[in-house]
Amino acid sequence: AAHGRAEFYALAYVDVHGGGRPVLVRDEAEWRRCAAECAKEPNRELELDLVVEPQVKVFKINLPLDMAAPKKKKIVYPNPYPSRAVTLHVTSDSDRVEARTASLRMEGGGRGDVILKFQPLPRGLASDAAELRLQEPGSSTVFRVRLEIAAAAAG
């Protein structure tokens, strides 16, 4: 168990031949690319890092400054797994943001629409933040979305 957890999200390595960017390994095709990278190395070794928590995705949400009633907005969330379908349960940590999409089903490599309902920001508050948690039933892996909410004048 990694860090006291029974599971982890992915492994990662640095693609030294592809610009030095980190690459995630989550399925068979990505394992094949990882093995090919390892084969390019003179000593046939490649350092792998355990990725316990996925990176937080950030969405900027603009709301009308003079908003008097709740407003619905949509974000498009990508399936975190490239080759398998997944269903994620969606919850919000804020009483100002309601996840109208309680469950999100996506095919491998696909995307899904998450409908959110925003309450007006209190008078004098120009910005706020909230967090969505997306979790597959039976998994301890949580995909987090940070919503950066800003009120702006129309026009």
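**A walk through a two-domain model**

Let's start at R100, which counts as partly exposed because its relative accessibility is 43%, and partly exposed runs between the under 20% of buried and the over 50% of exposed. Keep in mind as you look around that this is a predicted model. R100 has a charged partner, E98, and the two form a salt bridge whose closest N and O atoms are 3.0 Å apart. E98 is partly exposed too, with a relative accessible area of 36%. Elsewhere, salt bridges that share partners tie K60, R146 and E148 into one network. How many salt bridges turn up in a search of the whole structure? The search finds eleven.

Now zoom out. The domain assignment splits the protein into domain 1, residues 1-52, and domain 2, residues 56-152. Their centres, taken over C-alpha atoms, are 29 Å apart. Where the two parts meet, seven residues of domain 1 are in contact with nine residues of domain 2. Together they bury an area of about 620 Å², and carbon and sulfur atoms give 44% of that. On the domain 1 side, E7, Y9 and D27 lose the most area to domain 2, together making up 65% of what that side buries. The side of domain 1 that touches domain 2 has five charged residues, two nonpolar ones and no polar ones.

With those charged residues in mind, how many salt bridges are counted between the two domains? The count is zero. There are polar contacts, though: three residue pairs make them across the interface.

Let's step inside domain 1, which covers 1-52, and stop at D15, a residue of strand β1, which spans residues 10-15. D15 counts as buried because its relative accessible area is just 8%. Setting aside its neighbours within four places in sequence, D15 is in contact with G20, R21, V23 and E37. One of those deserves a second look: R21 forms a salt bridge with D15, with the closest N and O atoms 4.0 Å apart. Is R21 buried or partly exposed? At a relative accessible area of 47%, R21 is partly exposed.

Another of D15's contacts, E37, takes us to helix α1, residues 28-40. E37 is buried as well, since its relative accessibility is 10%. Beyond its neighbours within four places in sequence, E37 is in contact with Y13, D15, H17 and L46. The side chain of E37 also joins that of K40 through a polar contact of 3.0 Å. A further charged pair is R26 and E30, whose side chains meet in a salt bridge of 2.8 Å, N to O. R26 is partly exposed at 27%, while E30 is buried at 7%.

Finally, visit two serines. S103 sits in strand β8, residues 103-106, and is partly exposed, with a relative accessible area of 41%. Apart from neighbours within four places in sequence, S103 is in contact with T87, L88 and H89.

S139 lies in the loop between β10 (127-135) and β11 (142-152). S139 counts as buried because its relative accessibility is 14%. Its side chain reaches the backbone nitrogen of T141 at 3.0 Å. Follow the chain on from S139 by twelve residues and you get to A151, where the C-alpha atoms of the two are separated by 36 Å.

Conventions:
Residues are numbered from 1 along each chain as its sequence is written. This is a predicted model: local features need pLDDT of at least 70, side-chain atom pairs count only at pLDDT 80 or more; totals for chains, interfaces and linings use all residues. Side-chain values use heavy atoms; hydrogens and water are left out. Helices (H or I, at least four residues) and strands (E, at least two) are DSSP runs, numbered from the N terminus. Buried means under 20% relative accessible area, exposed over 50%, partly exposed in between (1.4 Å probe, protein chains only). A polar contact is a pair of N or O atoms within 3.5 Å; within protein, one must be able to donate a hydrogen and the other to accept it, and residues adjacent in sequence count only if both atoms are side-chain atoms. Contact means heavy atoms within 4.5 Å. Domain bounds come from an automatic or database domain assignment. Buried area is the accessible area (1.4 Å probe) that two parts lose on being put together, summed over both. Ala, Val, Leu, Ile, Met, Phe, Trp, Tyr, Cys and Pro count as nonpolar, Asp, Glu, Lys and Arg as charged, and the others, Gly among them, as polar.
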